[in-house]
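Trainee: I'd like to walk through this model with you, strand by strand. Can we take it one question at a time?

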Amino acid sequence: ASLSAYMAAVHPTTKDRNPWNAAAGAYSQTFAAGTPGSKSTFINAMAAGSLGQVIMYIAYPGSTTNGWVGGITKTQNQINGSTTVRKATAIE
């Protein structure tokens, strides 16, 4: 809840706009539940939304799994051979 409130305060839909849909905000205002485990497991389970929208994911660490926070977006131009960009970093 605190991360979602932070996203809403720092990236309000009135400030950060989706570059491919100016009527929409650039960021989803809530964090989606991610899949704990390895980085590749977490990244591969993230699903992209509409073109240009950034969706943030979080997977909390458990006693035997790693925690992650990351984001995903679709673009019109290929980056590294893909139009979907995924990034993640470990929660320490």
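**Strands, contacts and a surface patch**

Mentor: Let's start with Thr75, which sits in strand S5 (residues 68–79); strands here are DSSP runs of E with at least two residues, helices are runs of H or I with at least four residues, and both are numbered from the N terminus. Keep in mind that this is a predicted model, where local features need pLDDT of at least 70, side-chain atom pairs count only at pLDDT 80 or more, and totals for chains, interfaces and linings use all residues. Residues are numbered from 1 along each chain as its sequence is written, and side-chain values use heavy atoms, with hydrogens and water left out.

Trainee: Is Thr75 buried or exposed?

Mentor: The cut-offs are under 20% relative accessible area for buried, over 50% for exposed, and partly exposed in between (1.4 Å probe, protein chains only). Thr75 has 15% relative accessibility, so Thr75 counts as buried.

Trainee: And which backbone oxygen lies 2.7 Å from a polar atom of the Thr75 side chain?

Mentor: We're after a polar contact, a pair of N or O atoms within 3.5 Å; within protein, one must be able to donate a hydrogen and the other to accept it, and residues adjacent in sequence count only if both atoms are side-chain atoms. Leaving aside neighbours within four places in sequence, Thr75 is also in contact (heavy atoms within 4.5 Å) with Trp20, Leu51, Thr83 and Val85. The 2.7 Å partner is the backbone oxygen of Asn77.

Trainee: S5 also holds Thr73. Which backbone oxygen does the Thr73 side chain reach?

Mentor: Thr73 is buried, with a relative accessible area of 15%. Beyond four places in sequence, Thr73 is in contact with residues including Gly52, Val54 and Thr84. At 3.0 Å, its side chain reaches the backbone oxygen of Gln53.

Trainee: Zooming out, what is the strand order in the open sheet of four strands?

Mentor: Two strands pair if DSSP finds at least two bridges between them. The pairing in this sheet is mixed: S3 and strand S4 (residues 55–59) are parallel over two bridges, while S4 and S5 run antiparallel with five bridges. S5 and S6 are antiparallel too, over eight bridges. The order is S3-S4-S5-S6.

Trainee: Why is one side of each edge strand left without a neighbour in the sheet?

Mentor: The edges are strand S3 (32–33) and strand S6 (82–90). One side of each stays without a neighbour in the sheet because each has a single partner strand.

Trainee: Which residues are the S4 bridge partners of Ala32 and Ala33?

Mentor: S3 pairs with S4 in the parallel sense. Ala32 is matched with Tyr57, and the partner of Ala33 is Ile58.

Trainee: How many of the residues of S4 are buried?

Mentor: In a regular strand the side chains alternate between the two faces of the sheet. In S4, Ile55, Tyr57 and Ala59 point one way and Met56 and Ile58 the other way. S4 is mostly covered, and the buried count is five of its five residues.

Trainee: What is the relative accessibility of Ala59?

Mentor: Ala59 belongs to S4. Not counting residues up to four places away in sequence, Ala59 touches Gly34, Thr35, Pro36, Phe42, Gly67, Trp68 and Ile91. Ala59 counts as buried, at 2%.

Trainee: Which residue in the S5–S6 turn has a positive phi?

Mentor: S5 and S6 form a hairpin with two residues between them. Among the S5–S6 bridges, Trp68 has Ala90 as its partner. The turn residue with a phi of about 55 degrees is Asn80.

Trainee: There's another hairpin, joining S1 to S2. Which residue in S2 stands opposite Arg17?

Mentor: Strand S1 (residues 17–18) and strand S2 (residues 21–25) pair in the antiparallel sense over two bridges. The hairpin runs through two residues. Opposite Arg17 is Gly25.

Trainee: Where is Tyr60, and is Tyr60 buried or exposed?

Mentor: Tyr60 is in the loop between S4 and S5. Its relative accessibility is 57%, so Tyr60 counts as exposed.
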